[in-house]
Amino acid sequence: QVQLVESGGGLVQPGGSLRLSCAASGTITVLYDMGWYRQAPGKEREFVATISSSGNMNYAERVKGRFSISRDNAKKTVYLQMNTLNPEDTAVYYCNADILARFVSRRQYWGQGTQVTVSS
């Protein structure tokens with residue numbers, strides 16, 4: 001019954017900002033790494049950023065310096081603050097989490113995705 005739900009996507013002008021949220025719910029015992037991936041039309045899904053349970057962060061080179069990932073362990077939520085957005089950032093953004101759930105082996109889960117469109 002583990003579920004990841006993203007929110008915060010939408011249309012924004014080049015140079016603008018957007019904040020994505022992803023909340024995990026269900027019979028979760030341990031939340032390990034959480035992160036964000038994205039997929040543009042006609043392209044493969046690519047890594048954007050991850051953050052460990054202790055706060056260690058990793059970013060893709062294309063977003064380094066512009067995006068910032070964070071998490072609230074009490075709320076079981078991961079965030080992605082996106083600044084200085086450009087049209088190349090247009091994609092469906094997916095939340096990902098490594099989870100140990102009650103009575104289930106540790107595995108990765110995916111959200112349904114949220115659309116981010118950067119256009120003037």
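## The β1–β3 pairing

β1 and β3 run antiparallel and are joined by 5 bridges; two strands are said to pair if DSSP finds at least two bridges between them. Within this pairing, Gln3 has Ser25 of β3 as its bridge partner. Strands here are DSSP runs of E with at least two residues, and helices are runs of H or I with at least four residues, all numbered from the N terminus. Before going further, please note that this is a predicted model, in which local features need pLDDT of at least 70, side-chain atom pairs count only at pLDDT 80 or more, and totals for chains, interfaces and linings use all residues. Residues are numbered from 1 along each chain as its sequence is written, and side-chain values use heavy atoms, with hydrogens and water left out.

The side chains of β1 are worth a look too. In a regular strand, side chains alternate between the two faces of the sheet. Along β1, Leu4 and Glu6 point to one face and are buried, while Gln3, Val5 and Ser7 point to the other face and are not buried. Buried means under 20% relative accessible area, exposed means over 50%, and partly exposed lies in between, using a 1.4 Å probe and protein chains only.

## The open sheet

β1 and β3 belong to an open sheet of 4 strands, ordered β1-β3-β8-β7, with antiparallel pairing. The edges are held by β1 (3-7) and β7 (67-72); each has a single partner strand, so one side of each is left without a neighbour in the sheet. From one strand to the next, the twist averages 15 degrees (axes are lines fitted to C-alpha atoms, for helices over the stretch in contact, and angles run from 0 to 180 degrees between N-to-C directions).

At the β7 edge, β7 pairs with β8 (residues 77-82) in the antiparallel sense over 6 bridges. One bridge to find in the viewer is that of Asp72, whose partner in β8 is Thr77.

## The β4–β5–β6 hairpins

Strand β4 (residues 28-39) pairs with strand β5 (residues 46-51) in the antiparallel sense, over 5 bridges. Met34 has Ile51 of β5 as its bridge partner. These two strands form a hairpin with 6 residues between them, and Gly42 in the turn has a positive phi of about 75 degrees.

β5 also pairs with strand β6 (residues 57-59), again in the antiparallel sense, over 3 bridges. Ala49 stands opposite Tyr59 of β6. The β5 and β6 hairpin has 5 residues between its strands, and Gly55 takes a positive phi near 100 degrees there.

## The disulfide

The structure holds 1 disulfide, a term used for a pair of cysteine sulfur atoms within 2.5 Å. The disulfide joins Cys22 to Cys95, with an S to S distance of 2.0 Å. Cys22 lies in strand β3 (residues 18-25) and Cys95 in strand β9 (residues 91-101), so the pair ties together parts that are 73 residues apart in sequence.

The link of Cys22 and Cys95 is left-handed, with -85 degrees about the S-S bond. Both Cys22 and Cys95 are buried.

## Two loop residues with positive phi

Thr84 is not a glycine, yet has a positive phi of about 50 degrees. Thr84 sits in the loop between β8 and β9 and is partly exposed, with a relative accessible area of 48%.

Phe103 is another residue other than glycine with a positive phi, here near 70 degrees. Phe103 is found in the loop between β9 and β10 (107-110) and counts as exposed at 77% relative accessibility.

## The chain as a whole

Stepping back, the chain has 0 helices and 11 strands. Its radius of gyration is 14 Å, close to the 14 Å that the globule rule gives for 120 residues, so the chain is as compact as a globular protein of that length. The radius is taken over C-alpha atoms, and the rule is 2.2 Å times the number of residues to the power 0.38. Along the principal axes, the C-alpha atoms fill a box of roughly 50 × 25 × 25 Å.

Of the 120 residues, 43% count as buried. Among contacts (heavy atoms within 4.5 Å) with a separation of 6 or more, 54% come from residues 24 or more positions apart. The accessible surface comes to about 6,400 Å², of which 47% belongs to carbon and sulfur atoms; such areas come from the Shrake-Rupley method with a 1.4 Å probe, and for residues only the protein chains shown count as cover.
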